[in-house]
Amino acid sequence: MMVQPIVKCDQLTKRYGKKYALDHFDLAIPAGRIVGVLGPNGCGKSTLFRAITGLITPDEGEIRVLGQSPGWQTNRFIGYLPDRARWYPRHTVLQAFEWGASFLPGFDLEAAKKFARYMDVDLEMSLSGMSKGQEARVMLILCMSREVPLIILDEPFAGIDLISREAIIAGIDLISREAIIAGMIDYLEEREVSILISTHDIQEVEGLFDYIVLMDQGKAIWSGEADELRAQYGSLHDVFRTFYKREWSR
């Protein structure tokens, strides 16, 4: 029996003035995968994520998420980490988690606390006193602590310093950005969850992906198994050199 895609787009189009953010975009993403949605700046990744969550209305075409048109009904089942977020600065981390538990469907407060310990986030710290990297971690925890079938992470590594600058666990262990996400995904392994990740930090995280969507100029120029891409081109870094005719810079 054919499994229904977690996200399906047919000729999805979104314009801002004369510019196409999504240009008759076609895509079907299978469920239960960790998907890298990759491409250069301005290729339409964030617009696609906003369409999936119903934050924008397409000008043409159709999008189905969890078999339905996106909106408040489907958003109950989506954990979304946007590329920008807003806070209630007077909250402590724990209060932010309790706020999430009070109204976010499927929010697991104990999982959030566990993630906080893993990522060395102080539950009593005020959000207003946080560095960009600390704030990025709390945003990530709020998103990934929900028991939902679809999680969307738009540039989740923004502000999380590479390797050792901020990621010190228990005062002794150094952890990379890949390890942060990988550890959280391992925790979610028993849940039937699909995860869509947009990132420019390809070399650090390409091992996480088992399915890839390559975007350019508002279109999906390739989608399929990550291993198929690696077998043909090598690393995903080399894929970029092939598909985009440029050296990918971090």
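Which residue takes a positive phi just after helix 1? In this predicted model, the residue is Gly54, where phi is about 75°. Helix 1 itself, spanning residues 45-52, lies across strand 3 (34-38), strand 5, strand 6, strand 9 (194-198) and strand 10 (211-216). Its direction is at about 150° to that of strand 6. The helix is mostly covered, with 7 of its 8 residues buried. These buried residues are Lys45, Ser46, Thr47, Leu48, Phe49, Ala51 and Ile52. Helix 5 (residues 132-144) lies across strand 5, strand 6 and strand 9, and runs at about 160° to strand 6.

The strands crossed by these helices belong to an open sheet. Six strands make up this sheet, in the order 5-6-9-3-10-11, and their pairing is mixed. Strand 5 (78-81) and strand 11 (219-225) occupy the edges; each has a single partner strand, so one side of each is left without a neighbour in the sheet. From one strand to the next, the twist averages 15°. In general, the strands of a sheet pair through backbone hydrogen bonds, in either a parallel or an antiparallel sense.

Several of the pairings can be described in detail. Strand 5 pairs with strand 6 (residues 150-154) in the parallel sense over 4 bridges, and Tyr80 stands opposite Ile152 of strand 6. Strand 6 in turn runs parallel to strand 9, to which it is joined by 5 bridges; here Leu150 stands opposite Ser194 of strand 9. Strand 3 and strand 9 also run parallel and are joined by 4 bridges, with Val35 placed opposite Leu196 of strand 9.

Strand 9 is largely enclosed by the rest of the structure, because 5 of its 5 residues are buried. Side chains in a regular strand alternate between the two faces of the sheet. In strand 9, Ser194, Leu196 and Ser198 point one way, Ile195 and Ile197 point the other way, and all are buried.

Ser194 was examined further within strand 9. Its relative accessibility is 2%, and Ser194 therefore counts as buried. Although Ser194 and Ile6 are 188 residues apart along the chain, their C-alpha atoms are separated by 7.6 Å. Beyond residues up to four places away in sequence, Ser194 touches Ile6, Pro30, Ala31, Gly32, Arg33, Pro149, Leu150 and Ile151. With Gly32 there is also a polar approach: a polar atom of the Ser194 side chain lies 2.7 Å from the backbone nitrogen of Gly32.

A second buried residue is found in strand 1 (residues 7-16), where Thr13 is placed. Thr13 has a relative accessible area of 0% and is therefore buried. The Thr13 side chain reaches the backbone oxygen of Gln11 at 3.2 Å. When residues up to four places away in sequence are not counted, Thr13 touches Tyr20, Leu22, Asp23, His24, Pro58, Asp59 and Glu60.

Positive phi values also occur at residues other than glycine. Leu66 is not a glycine, yet has a positive phi of about 55°. Leu66 is placed in the loop between strand 4 (60-65) and helix 2 (72-75), and with a relative accessibility of 22% Leu66 counts as partly exposed. Asp120, likewise not a glycine, has a positive phi of about 60°. The loop that holds Asp120 lies between helix 4 (109-118) and helix 5. Asp120 is partly exposed, at a relative accessible area of 46%.

Finally, a contact between two helices was analysed. Helix 8 (residues 226-233) packs with helix 9 (residues 236-243) at an angle of about 70°, and their axes are 9 Å apart. Helix 8 and helix 9 are therefore roughly perpendicular to each other. Helix 8 contributes Leu229, Arg230 and Tyr233 to the contact, and helix 9 contributes Leu236, Asp238, Val239, Thr242 and Phe243. By residue type, the contact of helix 8 with helix 9 comprises 5 nonpolar, 1 polar and 2 charged residues.

Definitions and conventions
Residues are numbered from 1 along each chain as its sequence is written. This is a predicted model: local features need pLDDT of at least 70, side-chain atom pairs count only at pLDDT 80 or more; totals for chains, interfaces and linings use all residues. Side-chain values use heavy atoms; hydrogens and water are left out. Axes are lines fitted to C-alpha atoms, for helices over the stretch in contact, and angles run from 0 to 180 degrees between N-to-C directions. Angles under 35 degrees count as roughly parallel, over 145 as roughly antiparallel, 65 to 115 as roughly perpendicular and the rest as oblique. Contact means heavy atoms within 4.5 Å. Ala, Val, Leu, Ile, Met, Phe, Trp, Tyr, Cys and Pro count as nonpolar, Asp, Glu, Lys and Arg as charged, and the others, Gly among them, as polar. Buried means under 20% relative accessible area, exposed over 50%, partly exposed in between (1.4 Å probe, protein chains only). A polar contact is a pair of N or O atoms within 3.5 Å; within protein, one must be able to donate a hydrogen and the other to accept it, and residues adjacent in sequence count only if both atoms are side-chain atoms. Two strands pair if DSSP finds at least two bridges between them.
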